[in-house]
Protein chains: 2
Amino acid sequence: MTRVLVVEDDPGILRTVSDNLKFEKYDVITAMDGETAYKLQQSHRPDLIVLDLMLPRMGGLELCRRLRADGDQVPILMMTARSEESDRVLGLDLGADDYVTKPFSVPELMARIRALLRRSSSASGLPVMLKFGEVEVDFRKYVARRRGKPIEMTRKEFDLLRFLASREDTVVTRDELLNKVWGFDSFPVTRTVDNHVASLRSKIEADAARPVYIQTVHGVGYKFVLQQPE
Amino acid sequence: MTRVLVVEDDPGILRTVSDNLKFEKYDVITAMDGETAYKLQQSHRPDLIVLDLMLPRMGGLELCRRLRADGDQVPILMMTARSEESDRVLGLDLGADDYVTKPFSVPELMARIRALLRRSSSASGLPVMLKFGEVEVDFRKYVARRRGKPIEMTRKEFDLLRFLASREDTVVTRDELLNKVWGFDSFPVTRTVDNHVASLRSKIEADAARPVYIQTVHGVGYKFVLQQPE
DNA sequence: CATCGATCTTACATTTTTATGACATCCCCT
DNA sequence: AGGGGATGTCATAAAAATGTAAGATCGATG
């Protein structure tokens, strides 16, 4: 079920939006200030955030900035008043994906939400299948093979590989990996990531000492590369 | 399209500046006095204001003060004559973001405008990508190339280059670099900066002994220059 | 409640990066 | 032109980050 986080301090609008979302069979969670929203985002990992820009505690723009700084790619739909035009522009720069202007029509809001979800699930979502070198991975069946021969991989290794692959070519920090792959409630040491990377490498790389697909970027993190630069 | 408001009472300079901005694909609007500028600001909401300090009707300083009093955060670039140094200082106090001294070079003006827009639009002001000469740097991938050939750069070098580039055309002191690139809690000797600059130069400059992009400003610090003055 | 596999932690080895100081060179001022 | 401070260059020591392996812990399962 698709989960949507609605962040809005006006109880009336909050009610309207969430009722309509529930009617459309979304799983709705709500927050009335930025701090709470940030925590809910970490703990419940919604598929989309509907965000009012004017909020107590932590403003919408700040929340937006913070999520993107974490490397969080969750689609964000801003709700702004007509007078907050400059905030809207700034919001888009800070990584929001779309906006509606208050007062908005409910059908319009729903249409935009559908559009954003469609965009995110296909374009920036996690891969379902992955091929590189002699290795082939199916993330739905949790099956991996090298030259047709099955590779024993653990759940965490699948998740880790999948997330790294979804960010192909860009460096991901250990902290971000802990957030995204491990989740909110368990906080292992960052060195744990290194160990999982090591064991993943031993399974998918031809030579684990000279990794080709999962590269270390010293001082920053790891990155998955498919296409080798000539 | 990025909109720039140019406020200048000298028709010659006004013409020069706006023509160059238009050539760079900015949407340009102009005013020749402070009153008009203030109204245009309200009605057209430009992304940046280029402001001459000496103006009829309402002076540049007064305009500056009034905008900030309105809570307007639009970036303001002042143009001042060399003799108006006290005004320049006052202008920065009143909320202007940067200045150029008349007579100024057009590339310098353009560089500062770019830098200001970048700083105001993206949260951190740090560039995500950089191209100069034969070198291309991607700060998300942590990859640098010269004519397509990878350059091995350390994290500090990436960070240093990135920060210098974010302040394009303006001199940055060693102390500021230590603060911003190294962090406020660790304090190596300022000479350490020189060493990192040197090694960065050896990697990105065609001739490290005659640096073009990272220039030394004797007795002050370093500055990154993208556009070479003709 | 014992067992097994997965996961996490810790410790140690190795690699890479960073900081420092000595010396050479340059620049600006007189 | 000469002197003093600032900067460039280089080698090396120190620190930090990463790789690796072994053991501890957790949790599901029979």
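Helices (H or I, at least four residues) and strands (E, at least two) are DSSP runs, numbered from the N terminus. The model you're looking at is predicted, so local features need pLDDT of at least 70 and side-chain atom pairs count only at pLDDT 80 or more, while totals for chains, interfaces and linings use all residues. Residues are numbered from 1 along each chain as its sequence is written, and chains are lettered from A and ligands numbered from 1 in the order in which they are written.

**Exercise 1. Take stock of chain A.**

Step 1: Start with the secondary structure. Chain A has eight helices and twelve strands.

Step 2: Now check burial. A residue is buried if 20 or more other C-beta atoms lie within 10 Å of its own, exposed if 12 or fewer, and partly exposed in between, with C-beta atoms placed from the backbone. By that rule, 29% of the 230 residues of chain A are buried.

Step 3: Next, contacts. Two residues are in contact if their C-beta atoms, placed from the backbone, lie within 7 Å. Among contacts in chain A with a separation of 6 or more, 54% link residues 24 or more positions apart.

**Exercise 2. Work out how helix H2 of chain A is oriented.**

Step 1: Find the buried residues. In H2(A), residues 34-44, these are Gly34(A), Ala37(A), Tyr38(A) and Gln41(A).

Step 2: Look down the axis. The buried residues fall within an arc of 100° (taken from the directions from the helix axis to the C-beta atoms), so they line one face of H2(A).

Step 3: Recall a rule of thumb. An α-helix has 3.6 residues a turn, so residues three or four places apart point the same way.

Step 4: Flip to the other side. There, Lys39(A), Ser43(A) and His44(A) are exposed. Just after H2(A) comes Arg45(A), with a positive phi of about 45°.

**Exercise 3. Describe the surroundings of strand S3 of chain B.**

Step 1: Check its cover. Five of the five residues of S3(B), residues 48-52, are buried. Leu48(B), Val50(B) and Asp52(B) sit on one side, with Ile49(B) and Leu51(B) on the other.

Step 2: Find its partners, remembering that two strands pair if DSSP finds at least two bridges between them. S1(B), residues 3-7, runs parallel to S3(B) with four bridges, and Val6(B) has Val50(B) as its bridge partner.

Step 3: Do the same for S4(B), residues 76-81. It is also parallel to S3(B), joined by four bridges, and Ile49(B) stands opposite Ile76(B).

**Exercise 4. Locate the largest nonpolar core.**

Step 1: Define it. A nonpolar core is a set of buried Ala, Val, Leu, Ile, Met, Phe, Trp, Tyr and Cys residues joined through C-beta atoms within 7 Å.

Step 2: Size it up. The largest has 38 residues, and those with the most contacts inside it include Leu164(A) and Ile214(B). H6(B) gives the largest share, five residues.

Step 3: Zoom in on Ile214(B). Leaving aside neighbours within four places in sequence, its contacts include Leu164(B), Val197(B) and Phe224(B).

**Exercise 5. Find what lies near DNA strand C.**

Step 1: Apply the cut-off. A residue is near the strand if its C-beta atom, placed from the backbone, lies within 6 Å of it. That gives 23 residues, and Thr154(A) and Lys156(B) are among the closest.

Step 2: Name the elements. H6 and H8 of chain A and H6 and H8 of chain B each give two or more residues to this surface.
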